[in-house]
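Visitor: I'd like a close look at a single part of this model. Could you pick one loop residue, show me what surrounds it, and then follow the trail outward from there?

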Amino acid sequence: MQHLIDEFRDVLRTAANGGAPLRIRGGGSKDFYGNRIPGVDAHMLEAGGHAGIVEYEPTELVVTARAGTRLADLSVELRACGQMMAFEPPHFGPSATLGGCVATGLSGPRRASAGAVRDFVLGVRMLDGRGNDLRFGGRVMKNVAGYDISRLMVGSMGTLGLLLEVSLKVLPLPPAETTLCWEMQEAEAIGRMNQWAGRPLPVSATCFWDGVLTLRLSGAESAVRAARTKLGGDEIAAGAAFWESIREQKHAFFRGGGTLWRLSVKPTLPPLSLPGPQLLEWGGALRWWRDGGGKTGSDALGVRAIAAAAGGHATRFRGTGAHADAFHPLEPAMMDIHRRLKQRFDPAGILNPGRLYPQF
């Protein structure tokens with residue numbers, strides 16, 4: 001694969017010398033995510049061909065793979081050894097890659113109990129905006145100490161560098177899982193989810209939509225069985241399919257029209273007064289909202305004011321047309337940190353310009 005790395009390096013150096021913007025793309029499954037800046041004509045740098053597992057030692061719970069490795073292929077290898085990516089990343093299509101997973105920083109239903117993408121990244125190999133081959137972090141957990149620059153790549157949307165390899169911590173598959181549901185109102189569901197979060201229960205995912213609270217229990221068979229008896233509720237036979245529909249946004253809620261917003265707020269926050277349907281995850285900390293395409297939904301400032309008042313932030317996750325405000329604006333001090341990082345890793349400003357924030 002060194003020939004591909006050499007090709008990537010040549011492309012980066014040529015672009016940097018000429019100030020020509022590049023659009024980094026892995027499998028293209030998350031092309032919809034992030035800003036759409038009108039007038040920015042960038043050359044496509046296809047990185048999906050740099051694929052394959054570099055090193056996998058199940059006893060160490062660590063895997064290192066090239067950034068173009070498909071998530072589906074990596075999951076098959078892990079499951080064959082009884083392991084998984086515990087943050088349960090969404091694929092949004094069969095072409096999803098490990099590099100795209102890290103660059104977008106998106107986690108699935110298990111995130112509230114297991115942790116986010118950033119918590120599992122041990123190290124990366126990357127090319128910066130000048131074509132320099134850099135390595136950060138390590139391939140085993142004991143080698144990762146202090147402030148780990150590799151985790152800056154999580155959620156950076158390809159604006160800091162081209163990922164080549166990623167080392168991840170993985171976890172064993174749970175021996176037992178079951179999914180339960182109850183009919184109730186949203187306020188009661190929020191109270192229940194927060195109550196359960198404070199108890200020693202093997203809760204691995206929660207979801208509330210359309211008057212139904214759904215809960216997943218994962219862990220040792222005895223723990224799952226005891227929690228099932230204690231909590232009651234109705235068991236869902238197709239639990240795995242349900243959580244996949246939430247993770248991959250194939251659930252009925254996500255099939256509606258309008259703009260899809262992703263609000264991150266305090267889990268104890270009461271129901272939000274937003275017009276249109278909402279779906280809650282992560283114990284109430286993640287709230288999806290479809291604006292229905294109305295006038296209210298087009299007001300990003302209004303949505304973000306509601307989220308900010310609740311101590312959180314709002315992301316324009318899916319929508320039509322070109323937008324330069326997908327992500328919640330940063331405070332000036334934090335924006336300055338982002339700007340300085342961009343200058344350090346990509347001084348020519350050629351990598352995915354505007355994809356994260358319009359300023360760079």
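Guide: Sure, let's start with S29. Setting aside residues up to four places away in sequence, S29 is in contact with H91, F92, G93, S95 and A96. Keep in mind that we're looking at a predicted model. S29 belongs to the loop that runs between strand 1 (22-25) and strand 2 (43-46). Is S29 buried or exposed? Its relative accessible area is 11%, and the cut-off for buried is under 20%, so S29 counts as buried.

Now for the polar side of S29. Its side chain makes a polar contact of 3.3 Å with the side chain of K30. A polar atom of the S29 side chain also lies 3.2 Å from the backbone oxygen of H91.

Stay in that loop and look at Y33, because the loop between strand 1 and strand 2 holds this residue too. Let's talk rings for a moment. A pair of aromatic rings is described by the distance of the centres and the angle of the planes. The structure has 15 aromatic pairs. In one of them, the ring centres of Y33 and F317 are 5.0 Å apart and the planes meet at 50°, so this pair is tilted. F317 sits in strand 17 (residues 313-318), so the pair ties together parts that are 284 residues apart in sequence. Y33 has a relative accessible area of 5%, so it is buried. F317 is buried as well, with a relative accessible area of 2%.

Another pair is F254 with W288, and this one is edge-to-face: the centres are 5.6 Å apart, with 80° between the planes. F254 lies in the loop between helix 8 and strand 14 (260-264), while W288 is in strand 16 (residues 286-290), so here the pair ties together parts 34 residues apart in sequence. F254 is buried at a relative accessible area of 11%, and W288 counts as buried at 5%.

How do these rings fit together? Y33, F317, F254 and W288 are among the members of one aromatic cluster, which also includes F92. Remember F92? It's one of the residues in contact with S29, so the trail leads back to our starting point. F253 is in the cluster too, and R290 lies over the face of F253, at 5.2 Å from the ring centre. Elsewhere, the charged end of R216 sits over the ring of W243, 5.4 Å from its centre.

Let's zoom out to the nonpolar cores. In soluble globular proteins, nonpolar side chains tend to be buried together. The largest nonpolar core here has 30 residues, and L98, V102, M153 and L168 touch the most other members. Several elements each supply at least two residues of this core, including strand 4 (62-66), helix 3 (98-104) and strand 8 (162-169). Take V102: beyond its neighbours within four places in sequence, its contacts are V117, V121, M153, V154, G155, L163 and V166. There is also a second, separate core of 24 residues, and F254 is in it, along with L260, A285 and M335.

One last stop is F242, found in helix 8 (residues 239-247). F242 has 17% relative accessibility, so it still counts as buried under the 20% cut-off. Not counting residues up to four places away in sequence, F242 touches C207, T214 and H251. The C-alpha atoms of F242 and T179 are 8.9 Å apart, with their positions 63 residues apart along the chain.

Methods
Residues numbered from 1 in each chain as written. Predicted model: local features only at pLDDT ≥ 70, side-chain atom pairs only at ≥ 80, totals over all residues. Heavy atoms only, no water. Core = buried A, V, L, I, M, F, W, Y, C linked by side-chain atoms within 4.5 Å. Buried < 20%, exposed > 50% of the residue type's maximum accessible area, 1.4 Å probe, protein only. Helix = DSSP H or I, 4+ residues; strand = E, 2+ residues; numbered from the N terminus. Contact = heavy atoms within 4.5 Å. Polar contact = N/O pair within 3.5 Å; in protein donor to acceptor, adjacent residues only side chain to side chain. Phe/Tyr/Trp six-rings, centres within 6.5 Å; stacked < 30°, edge-to-face > 60°. Lys NZ or Arg CZ within 6 Å of the ring centre and 35° of its normal.
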